[in-house]
Amino acid sequence: MAARILVIEDDADINEVISTQLTRHGHDCVQAFSGSEALMRLDAGDEPPSYDLVICDLMLPGATGEQVVNAVRKTDADLPVIVVSARTSCADRVELLKLGADDYLTKPFDLDELAARVEVQLRHRSRRRGSPESDSDSAHERGGRLAFRDWTLDMASHTFSVHGTPLPLTRIEFNLLESLMRQPKRAFSKQDLFEAAWGEPYAGDDSTVTVHVSNIRAKLKASGTDRYIKTVWGIGFKLDEGGR
């Protein structure tokens, strides 16, 4: 599927190679060579500044990649962000996932792999949420909405609210809560949640799901509903139907 992609990379050669590869796949690439230029392109000019996906390096002049990812998440929780970086540590990856990146690719990377990951993210973004049959147990679904205790999740508008107050979620966070709310009596393994939220085979990295669940709990803490998500030791996570 054709998409408008913002490529943020200060190395002109790498930026050009990425853009050329994705253009060959039918995408329209907009190039930015610094963090500050990326922020300007994200913030406006066009009406609206519509991008379908962002590819972002971390070590950028003007504004860091972390600042760019943070800015994206403040304005569009659903815009896929793929980080490409020479940093290889697990700690770096975890921090980026906490910040809201959807995927992380370590330099040097294979261009075909990058193109494949782009397609995966675009497929997730464009996927329409239907109402698949499932055992909803005590979560009630009406008109494309799921309700569990004080939570309401609306698939049509892609919104989530607590006590009627909207709570911004990233796409992955939304997908994770949707999976849990559809079957609140079920204890999900991390593999189950990964494959449901990302829509791709499990890569065997438990920290990815754990970090996103931790982010959700942090966002829910002020509402007092963070305890609705229970850790099932040795398995994964489930919802607490009778917690305080």
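Two exercises on a predicted model follow, each with a worked solution. Residues are numbered from 1 along each chain as its sequence is written.

**Exercise 1.** Determine which strands form the edges of the open sheet of five strands.

*Solution.* Begin with the strand order, which is β2-β1-β3-β4-β5, with parallel pairing. Strands here are DSSP runs of E with at least two residues, helices are runs of H or I with at least four residues, and both are numbered from the N terminus. Two strands pair if DSSP finds at least two bridges between them. The edge strands, each pairing on one side only, are therefore β2 (28-32) and β5 (103-106). Next, consider one pair: β1 (residues 4-8) runs parallel to β2, and five bridges join them. Within this pair, V7 stands opposite Q31 of β2.

**Exercise 2.** Determine whether S19 is buried or exposed, and describe its surroundings.

*Solution.* First, locate the residue: S19 belongs to helix α1 (residues 12-24). Second, apply the cut-offs: buried means under 20% relative accessible area, exposed over 50%, and partly exposed in between, with a 1.4 Å probe and protein chains only. The relative accessible area of S19 is 5%, so S19 is buried. Third, list its contacts, where contact means heavy atoms within 4.5 Å. Apart from neighbours within four places in sequence, S19 touches V7, C29 and Q31. Finally, place the helix: α1 lies across β1, β2 and β3 (53-57), and runs at about 170 degrees to β2. Such angles run from 0 to 180 degrees between N-to-C directions, with axes fitted to C-alpha atoms, for helices over the stretch in contact.

Technical notes: This is a predicted model: local features need pLDDT of at least 70, side-chain atom pairs count only at pLDDT 80 or more; totals for chains, interfaces and linings use all residues. Side-chain values use heavy atoms; hydrogens and water are left out.
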